[in-house]
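Got the model open in your viewer? Keep the selection box handy and click along.

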Amino acid sequence: MPTPPPLASGPEGPDALRPLLVTVLDALRDGRLARGGPLPAGGPEAVAERIAHAVGDLLPDEGDPDALRTLVHALAEGAADPADPLCAAHLHGPPLAVAAAADLAASVLNPSLDSWDQAPAASALEAVVTRELAHEIGLADSLVTTGGTESNQLALLLAREAHGGSVRLVCGANAHHSLPRAAWLLGLPEPVVVPAPGGTLDPAALDEALTRFSGPLLVAATAGTTDAGLIDPLPEIAGLCAAHGARLHVDAAYGGGLVFSDRHREKLSGLEAAHTVTLDLHKLGWQPVAAGLLAVARPRDLAVLRQHADYLNADDDTEAGLPDLLGRSLRTTRRPDVLKIAVTLRTLGRTGLGALVDQVCARAREFAALVQHHPGFELYDRPVISTVLFRPVKATDDAVAALRRTLLHDGRAVLGRARMDGRLWLKATLLNPHTRPDELAHLLKLVEGTTNG
Ligand SMILES: Cc1ncc(COP(=O)(O)O)c(C=O)c1O
């Protein structure tokens, strides 16, 4: 039997990893240089061909010691890189170096947060961070999730367990698709979709819906809509929920990060009235995926997630003082995503994180101003967070869609698309705090050049 390959942890781990990290870092650099832009040119076929070539024989009889370099290079070359200022389509942010470094430690140590005997320190860290982050937004506790979708699902599950299977979701037409999807998944009644003219939930229409429907209701508002980065009128919605006895969930997957900024935090006013809040630091928080949280106002609501599996949380172990972790998630094996979050919070502090938030919001305002002053473009509205919707004047929807695809295909810029006011808009979601004003001007020039053919 040949010597097995080295492990990432244990006494040999650091020395075994060090040269591999050099390989990875070099391949990341070379792959990015080979790409030369925000995403690979040539569209899906060209990328698939290069990947097929890099993979070759996936499970060869004899292994290939160069596979790490080859595949990391291929992935970097074929990446849509959110660290490139011209990559600004989605809530897909560039992770901070320090967060990625912490995530490496999480991979090496490989704690699993389903039982204390697999994650003694990680579980203690998670307990502190989840509580303190919830307190930041005026709630009591939180659970770590894989992102906004899982947080929204958990929020609906907690509502169902608190109010029964007849609880009906009431959400805006602007809500993320994961909310009605969670209602479907959990077997809840057909959701009521309230109009959201102009992109935010209309309180008068919500009032009407809450009056019309009897039975337990769960209102889901959004702080930071996917399409336009708008924030529903949370205090008014909270007031309506209180008046009608409805439960309130706020999906702050995007906007939740504003809490770190003295300048923007007040936009989240009303959040503290929610029963549950979705947060997601892989959006406005500069974390590698995954970094979701579901915050809860009443920790006792979490009791319904309690689960017993003798190999993980035997009663006598729990009685003897071993923390019972199974009820902290619907998952079993679970990564310590909390480590990179904790490292980021401590490294940057409130001031550092707030400055990043302020920076991307300022860049969005600057980009909006560029659009507004350009006779060839129309601006949808002033940005509330860091999303800017714009379109070439007089372009048809088909032309806007084709323009976006041309930029993607040529690998020159990654812009999103959003339908608002019955028209199709280009979407720039600015999450990169290093993006400079001249790079935004270049982005607009690129779009202008592509518009003109
Ligand atoms: C408002 C909102 N909620 C939830 C989600 C889903 O988050 P995730 O993709 O992390 O599951 C998104 C994704 O963009 C979102 O914009």
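Here is a short tour with three stops.

This is a predicted model, where local features need pLDDT of at least 70, side-chain atom pairs count only at pLDDT 80 or more, and totals for chains, interfaces and linings use all residues. Residues are numbered from 1 along each chain as its sequence is written.

**Stop 1: helix 1.** Select residues 13-35, which make up helix 1 (helices are DSSP runs of H or I, at least four residues; strands are runs of E, at least two; both are numbered from the N terminus). Its 23 residues reach 32 Å from first C-alpha to last, close to the expected 33 Å (1.5 Å times one less than the number of residues). Click Pro19 and you'll find a bend of about 25°, the angle between axes fitted to the seven residues ending there and the seven starting there. Just past the helix, Gly36 has a positive phi of about 75°.

**Stop 2: the ligand.** Now show its shell of 15 residues, each with its C-beta atom, placed from the backbone, within 6 Å. The closest are Gly147, Gly148, Thr149, His176 and Thr226. Helix 6 (residues 148-163) gives the most to this shell, with three residues.

**Stop 3: Lys283.** Select Lys283, in the loop between strand 6 (276-280) and strand 7 (292-296). An unreviewed UniProt entry annotates Lys283 as "modified residue: N6-(pyridoxal phosphate)lysine"; such annotations may be inferred rather than shown by experiment. Is Lys283 buried or exposed? Lys283 counts as buried because it has 28 C-beta neighbours inside 10 Å, and the cut-off for buried is 20 or more.

Methods
A residue is buried if 20 or more other C-beta atoms lie within 10 Å of its own, exposed if 12 or fewer, and partly exposed in between; C-beta atoms are placed from the backbone.
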